[in-house]
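Here's a quick briefing for anyone about to open this model. Have a look at the fold and the charged side chains, then read on.

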Amino acid sequence: MYLDFYPAIISPYTGKETRREHLGLYIYAKPKNELETQHNKETKALAEKIRARRQLEVQASDFGEARRNAKLQTDVVEYIRAIVEKKGNETSDSNYKAWISAFRHIELFWDKGITFADLSKEEVEAFREYLQRKNDLAQNTKSAYFGKFLAALKQAYLEGFLSVDFGRQVKIIKPVETERGFVTLEELKQLAQAECVKPELKRAFLFSALTGLRYSDIYNLTWGQLQKETDGSYTIRFTQQKTKGVETLPIPNPARKLMGEAGESDEKVFPDLKEKMNVWDGLRLKQWFLAAGIAKELSFHAARHSFATIQLTLGTDIYTVSKLLGHKELKTTQIYGKIVDSKKQEAANRMNDFEIDD
């Protein structure tokens with residue numbers, strides 16, 4: 001997809017007249033499934049947003065030009081500081097803390113400040129190299145911090161503080177794939193049979209493995225969020241604590257049984273859970289796993305990973321699993337597909353010692 005200008009404009013990338021601006025966006029000419037149709041819809045919306053902004057720029061008056069010049073003199077660090085402060089009311093605690101940590105490095109790197117007019121590709125790359133040299137940061141942490149910095153610059157670009165989208169010009173810091181712990185369906189059955197010193201914790205973990213819900217959403221789950229459908233099935237309507245997205249999640253019958261007898265609409269389904277997992281709960285989980293004969297180092301979040309891998313192993317398509325998990329992007333779910341593929345390969349490799357006479 002590209003924008004076609006008439007008359008020609010001066011390209012912010014080359015400084016020369018041009019009729020076209022390629023957006024680096026692509027759509028499927030003939031979408032074959034719901035995923036490709038959704039991709040087309042989102043891509044066209046983004047292209048339209050860029051087109052509208054470009055049109056305003058072309059049609060801007062002298063007053064508009066002055067406003068743009070004023071934006072260029074805005075301090076980058078202060079602009080990002082405002083974004084971080086706003087995140088405190090818009091996102092989860094963990095994501096907000098990640099923004100704060102990333103901002104500390106931005107503030108430290110540009111300790112004397114820098115305006116959008118002075119921000120260049122070289123400056124952005126220098127910050128990336130600064131993060132790469134930080135030996136006290138893990139690779140995925142570096143990747144996350146630089147990603148948030150680029151996200152802030154993307155917002156600045158869309159709001160007219162920048163005439164260049166540096167995210168399209170600068171290489172990201174590639175994360176490394178981490179091992180995502182999970183239990184199999186058989187191991188989940190073993191856990192259901194084993195005793196746990198904190199029954200509420202066991203109940204919540206199994207519920208997470210059957211529904212894909214995060215700990216924070218289970219902690220906040222109330223009986224008023226449970227709905228019985230006309231066919232007798234149950235759904236949960238809730239707002240994700242991490243993404244703030246409103247979700248409607250069908251739950252299987254075993255998960256409904258784990259919830260127990262219904263209470264008042266404002267009562268919590270898991271009233272004995274603490275708001276945050278602590279060291280003692282982590283130890284109780286480990287003891288429970290050992291009691292079930294499972295020698296794996298797993299956190300509570302492994303229940304959500306288990307839900308995804310079990311669903312994919314049983315043949316549920318990845319698009320549906322993505323929706324059940326409440327992921328905003330399919331690529332977030334694709335890591336589970338890789339896990340399932342690796343397990344299939346391991347299973348196939350077990351047959352390598354089988355000998356056939358020539």
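What follows runs from the overall picture to confidence and then to the salt bridges.

Keep in mind that this is a predicted model. The protein has 14 helices and 5 strands, and a search of the whole structure turns up 14 salt bridges.

**Overall picture**
- Of the 358 residues in the protein, 38% are buried.
- The accessible surface adds up to about 21700 Å², and carbon and sulfur atoms hold 51% of that surface.
- Among contacts with a separation of 6 or more, 63% are between residues 24 or more positions apart.

**How far to trust it**
- Mean pLDDT for the protein is 85, and 87% of the residues reach at least 70.
- Helix H5 (residues 121-132) has the highest mean pLDDT of the elements, at 95.
- At the other end sits helix H2 (residues 62-72), with the lowest mean, 59.
- Where pLDDT is low, the predicted coordinates shouldn't be read in detail.

**Salt bridge between two strands**
- Arg19 and Asp4 pair up through their side chains, with N to O at 3.0 Å.
- Arg19 belongs to strand E2 (residues 17-22) and Asp4 to strand E1 (residues 2-10), so this salt bridge ties together parts that are 15 residues apart in sequence.
- Arg19 has 38% relative accessibility, so it counts as partly exposed.

**Salt bridge from helix to loop**
- Lys154 makes a salt bridge with Asp165, and their closest N and O atoms are 2.7 Å apart.
- Lys154 is in helix H6 (residues 139-158), while Asp165 is in the loop between H6 and helix H7 (185-193); the two are 11 residues apart and link distant parts of the chain.
- The two partners fall into separate burial classes: Lys154 is partly exposed at 28% relative accessibility, whereas Asp165 is buried at 4%.

**Salt bridge within one helix**
- Glu200 and Arg203 form a salt bridge with the closest N and O atoms 2.6 Å apart.
- Both residues lie in helix H8 (residues 199-211), 3 residues apart, or about one turn of the helix.
- With 9% relative accessibility, Glu200 counts as buried.

**A network**
- Which residues are linked with Arg81 in a network of salt bridges? They are Glu78 and Glu107.
- As a general point, side chains of opposite charge can pair when their charged atoms come close.

Notes: Residues numbered from 1 in each chain as written. Predicted model: local features only at pLDDT ≥ 70, side-chain atom pairs only at ≥ 80, totals over all residues. Heavy atoms only, no water. Salt bridge = Lys/Arg side-chain N within 4 Å of Asp/Glu carboxyl O. Helix = DSSP H or I, 4+ residues; strand = E, 2+ residues; numbered from the N terminus. Buried < 20%, exposed > 50% of the residue type's maximum accessible area, 1.4 Å probe, protein only. pLDDT = per-residue confidence, 0-100. Contact = heavy atoms within 4.5 Å. Areas by Shrake-Rupley, 256 points an atom, 1.4 Å probe, with all protein chains shown as cover.
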